[in-house]
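Please look through the sequence and the structure shown below before reading on. The report that follows describes how some of the helices are placed and what their residues touch.

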Amino acid sequence: MFLSSYSVGRKLYLIVTAGGHGTRMGADVPKQFLTLGRRNILHHTISAFTEAFPDVKVITVLPEEHISFWKDYCLRNNLTVPQVLVKGGFTRFHSVKAALAKVPDGAIVAIHDGVRPFVSKKLLQDMREQMENGCRALIPCMPATDTLKVLRKNDAGELEAVPGATADRSVIYGVQTPQFFLSEDIKSAYSAPYDTGFTDDSSVAQAKGIPLSFCQGERYNIKITTKEDLIFAKLFSLDRNS
């Protein structure tokens with residue numbers, strides 16, 4: 001396999017997207033700063049990577065008004081991994097674009113949601129290995145397990161079936177993070193103007209024509225978005241540490 005233009009010997013950079021304000025959670029602080037055990041969610045997320053890759057270069061995207069809070073938290077809680085802190089943008093797209101400006105060409109970059117704290121060391125190390133074996137972009141995903149219906153809201157705000165529309169569960173997958181890329185590829189992709197169709201980093205890469213590879217994700221690599229997610233995360237965290 002021809003590897004000279006790929007990933008052998010490349011340094012690994014991590015972009016943690018934690019620039020949101022978490023309005024759906026309804027908490028006093030953004031959801032990435034809520035507590036799971038003795039650490040907050042973002043601390044767990046960064047630690048998952050530093051335990052898998054002690055040499056990883058970390059770039060953390062934060063709401064501007066919480067940058068000082070995060071610096072103080074890291075000092076108080078002995079989170080000593082060096083981080084480049086980046087102010088979050090208007091959308092996730094703009095936040096990632098700003099963070100990518102801190103990443104050199106010739107690297108591998110993993111882009112990960114700050115509120116996915118349960119990604120496993122095995123998945124991370126397997127994905128990096130696949131990148132080093134020739135992938136240009138690697139996306140974890142999970143097959144849909146529920147029966148799927150195509151619905152819309154009517155004028156009364158009620159859900160109704162869309163006539164003639166069906167969804168084939170066998171070809172539907174849910175996409176997760178981290179998503180791994182060659183840094184020069186994803187930086188080039190993010191030079192495009194913002195588009196509402198850019199729902200994640202793989203959609204930005206795909207629009208640029210970067211070939212995507214896929215791997216099996218993890219059932220418990222959840223994104224903590226709602227109060228119910230947080231309840232589950234606390235229970236799962238207790239069970240895992242018992």
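Helix 1 (residues 41-52) and helix 4 (residues 121-132) have axes that come within 9 Å and cross at roughly 55°. That angle makes helix 1 oblique to helix 4, since angles under 35 degrees count as roughly parallel, over 145 as roughly antiparallel, 65 to 115 as roughly perpendicular and the rest as oblique. The axes are lines fitted to C-alpha atoms, for helices over the stretch in contact, and the angles run from 0 to 180 degrees between N-to-C directions. The crossing of helix 1 and helix 4 is right-handed, a term used if the near helix is turned clockwise from the far one by less than a right angle. At this crossing, Ala48, Phe49, Glu51 and Ala52 of helix 1 meet Lys121, Leu124 and Gln125 of helix 4, where contact means heavy atoms within 4.5 Å.

The model is predicted, so local features need pLDDT of at least 70 and side-chain atom pairs count only at pLDDT 80 or more, while totals for chains, interfaces and linings use all residues. Residues are numbered from 1 along each chain as its sequence is written, and side-chain values use heavy atoms, with hydrogens and water left out. Helices (H or I, at least four residues) and strands (E, at least two) are DSSP runs, numbered from the N terminus.

The next helix to consider is helix 2, with residues 67-76, which includes Cys74. Its buried residues are Ile67, Trp70, Tyr73 and Cys74, and they cover an arc of only 120° around the axis, which puts them on the same side of helix 2; the arc is that of the directions from the helix axis to the C-beta atoms. On the other side of helix 2, Ser68, Leu75 and Arg76 are exposed. Here buried means under 20% relative accessible area, exposed over 50%, and partly exposed in between (1.4 Å probe, protein chains only). The buried residues of helix 2 pack against strand 3 (39-40), helix 1, strand 4 and strand 5.

Three residues in this part of the chain can be set side by side.

| Residue | Place | Relative accessibility |
|---|---|---|
| His43 | helix 1 | 4%, buried |
| Cys74 | helix 2 | 11%, buried |
| Asn78 | loop between helix 2 and strand 5 | 61%, exposed |

Not counting residues up to four places away in sequence, His43 touches Trp70, Tyr73, Asn77 and Leu79, whereas Cys74 touches Leu79 and Gln83. Asn78 has a positive phi of about 60° although it is not a glycine. Most residues other than glycine have a negative phi, and most peptide bonds are trans. A cis peptide bond joins Thr177 and Pro178, with omega at about 10°, and Pro178 is found in the loop between strand 10 (173-175) and strand 11 (179-182).

In helix 3 (residues 92-100), the buried residues are Phe93, Ser95, Val96, Ala99 and Leu100. They cover an arc of only 165° around the axis, which puts them on the same side of helix 3. Their packing partners are strand 1 (12-17), strand 4 (57-62), strand 5 (83-87), strand 6 (108-113), helix 5 (183-189) and helix 6 (201-207). Thr91 caps the N-terminal end of helix 3, with a side-chain oxygen 3.3 Å from the backbone nitrogen of Phe93.

Conventions:
Polar contact = N/O pair within 3.5 Å; in protein donor to acceptor, adjacent residues only side chain to side chain.
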